Amino acid sequence: MALAVAIRARAQSDATVVGVLRRDDEFTVLTTAAGWRHVTTADGVTGWVEAAQIRRDEPMRP
């Protein structure tokens, strides 16, 4: 897992970087398309991240 990944304006690897998603940053996945996740960060940055670069952690069970 990377420590940080680029948030891009479009779901393309050569699209403009609009922000950075760091490990442990909170974010919401809005939609998924063709190996990309459309996300919004807790501080309001919205864009696309390659799905393979992020994962959803499962909550701990008692």
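**Strand contacts, buried side chains and a charged surface patch**

Apart from neighbours within four places in sequence, His38 makes contact (heavy atoms within 4.5 Å) with Thr28, Val29, Leu30, Thr31, Thr46, Gly47 and Trp48. His38 itself belongs to strand β4, where strands are DSSP runs of E of at least two residues and helices are runs of H or I of at least four residues, both numbered from the N terminus. One partner of His38 is Thr28; the two are 10 residues apart along the chain, and their C-alpha atoms are separated by 8.4 Å.

A word on the model is in order before going further. The model is predicted, and local features need pLDDT of at least 70, side-chain atom pairs count only at pLDDT 80 or more, and totals for chains, interfaces and linings use all residues. Residues are numbered from 1 along each chain as its sequence is written, and side-chain values use heavy atoms, with hydrogens and water left out.

For the chain as a whole, the assignment gives 5 strands and 0 helices, in the order β-β-β-β-β along the sequence. Of the contacts between residues at least 6 apart in sequence, 30% join residues at least 24 apart. The exposed area of the chain is about 4,600 Å², and 49% of it is supplied by carbon and sulfur atoms; the areas come from the Shrake-Rupley method with a 1.4 Å probe, and for residues only the protein chains shown count as cover. Of the 62 residues in the chain, 24% are buried, where buried means under 20% relative accessible area, exposed means over 50%, and partly exposed lies in between (1.4 Å probe, protein chains only).

Trp36 is another residue of strand β4. Trp36 counts as buried because its relative accessibility is 9%. Leaving out neighbours within four places in sequence, the contacts of Trp36 are Arg8, Ala11, Gln12, Ser13, Thr31, Trp48, Val49, Glu50 and Ala51. The C-alpha atoms of Trp36 and Gln53 are separated by 9.2 Å, with their positions 17 residues apart along the chain counted as sequence separation. Ile54, in the segment after β5, has a relative accessible area of 13% and is therefore buried. Ile54 and Leu21 are 33 residues apart along the chain, and the distance from C-alpha to C-alpha is 9.2 Å.

Attention now turns to the loops. Val45 sits in the loop between β4 (36-41) and β5 (46-50). With a relative accessibility of 23%, Val45 is classed as partly exposed. Beyond neighbours within four places in sequence, Val45 is in contact with Ile7, Val18, Gly19, Val39 and Thr40. Of these partners, Gly19 is 26 residues from Val45 in sequence, yet the C-alpha atoms of the pair are 6.6 Å apart in space.

The loop between β2 (17-22) and β3 (27-33) holds Asp25, and Asp24 is found in the loop between β2 and β3 as well. Asp24 is exposed, since its relative accessible area is 73%, whereas Asp25, at 32%, is partly exposed. On the surface, Asp24, Asp25, Glu26 and Asp43 form a patch of negative charge. Such patches are made of residues with over 30% relative accessible area and no salt bridge, with like charges joined within 9 Å and nonpolar side chains (Val, Leu, Ile, Met, Phe, Trp, Tyr) within 5 Å. A salt bridge here is a side-chain nitrogen of Lys or Arg within 4 Å of a carboxyl oxygen of Asp or Glu.

The backbone offers a final detail. Most residues other than glycine have a negative phi. Asp24 has a positive phi, near 75°. Ala34, in the loop between β3 and β4, also has a positive phi, near 45°. With a relative accessible area of 80%, Ala34 is exposed.

Note on methods
Lys and Arg count as positive and Asp and Glu as negative; His and the chain ends are not counted. The place of a charge is taken as NZ of Lys, CZ of Arg, CG of Asp or CD of Glu.
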